[in-house]
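This briefing introduces selected features of one protein model. Please examine the sequence and the structure below before reading the points that follow.

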Amino acid sequence: MQVLPKGVRHMPDFLDREAQEALVAEIRDVVQNAPLYTPVMPRTGKPMSVRMTNCGTLGWVTDQDRGYRYQATHPMTGQPWPPIPDRLLRIWEAVSGYPHPPEACLVNFYSEDAKMGLHQDRDEAEFAAPVVSISLGDTCLFRVGQTRRDGRTISFQLKSGDLVVLGGEGRLAFHGVDRIYPSTSTLLKNGGRINLTLRRVTLSGR
Ligand SMILES: O=C(O)CCC(=O)C(=O)O
Ligand SMILES: [Mn+2]
């Protein structure tokens, strides 16, 4: 058994099949309102392989000119993001240990050749709240390291229904997705992987 970095929790099978299906139905509604789009990297404008949207009062976005940030509206439609479904708020309450709700839920969609490079989640003002991440659909190979980019990393698979919590000393751990294992889940009709990342963005009551 590999030892996870301090503050990094992997909770396999947190959601049963029924809960996963209900969540997928809710995310479909979100995506109808706030379509998935292809974000591009700051400066270079290079497209990411993951498609994204958000729900919540704030959503994480990136573009060539203005870079990584949170904003209240969808960059393509100009509309406010749809609300975070209650089911997700309850998961946050159950695992975050943080007394205020998340403001952002980033929805990442990975087709079979998508991946996400090693990075930190550091565009939030509040680092006392953890990042809670939920995997749905095809299995991926997840990598997590230390708070320095050149720190030792470990890799493990995330399956549909698994949770990862980056909190405390692990809040700023580098992490990424090296690959998707196609056709490893029957949850999504057309395959692929959805990752939902719940985050508190602003400092609350201070
Ligand atoms: O897809 C994942 O499991 C991780 C996603 C992620 O790290 C992010 O959106 O910041
Ligand atoms: Mn991340």
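Donors are N, O and S atoms within 2.8 Å of the metal. The model is predicted, and this briefing treats its metal site, its cysteines and one residue of a helix in turn.

**Metal site**
- The manganese ion (ligand 2) has as its protein donors H119 through NE2, D121 through OD and H175 through NE2, at 2.1 to 2.2 Å.
- Along the sequence, these donor residues follow the spacing H-x1-D-x53-H.
- Distant parts of the chain are linked by the pair H119 and H175, which are 56 residues apart: H119 belongs to strand 6 (residues 116-119), and H175 to strand 11 (residues 175-180).
- H175 is buried, its relative accessible area being 7%.

**Cysteines**
- The structure contains zero disulfides.
- A disulfide is a covalent bond between the sulfur atoms of two cysteines.
- For C55, the closest cysteine sulfur is that of C105, and the distance of 4.0 Å is too far for a bond, because a disulfide requires the sulfur atoms to be within 2.5 Å.
- For C140, the closest cysteine sulfur is also in C105, but at 16 Å, which is again too far for a bond.
- C55 is buried, with a relative accessible area of 0%, and C140 is buried, with a value of 0%.

**Q20 and its surroundings**
- Q20 lies in helix 1 (residues 17-33).
- Q20 counts as buried because its relative accessibility is 7%, and buried means under 20%.
- The side chains of Q20 and S160 are joined by a polar contact of 2.6 Å.
- Beyond its neighbours within four places in sequence, Q20 is in contact with L15, L136, S160, G161 and L187.

Technical notes
Residues numbered from 1 in each chain as written. Chains lettered and ligands numbered in written order. Predicted model: local features only at pLDDT ≥ 70, side-chain atom pairs only at ≥ 80, totals over all residues. Heavy atoms only, no water. Buried < 20%, exposed > 50% of the residue type's maximum accessible area, 1.4 Å probe, protein only. Donors = N, O, S within 2.8 Å, 3.2 Å for Na, K, Ca; no water. Helix = DSSP H or I, 4+ residues; strand = E, 2+ residues; numbered from the N terminus. Polar contact = N/O pair within 3.5 Å; in protein donor to acceptor, adjacent residues only side chain to side chain. Contact = heavy atoms within 4.5 Å.
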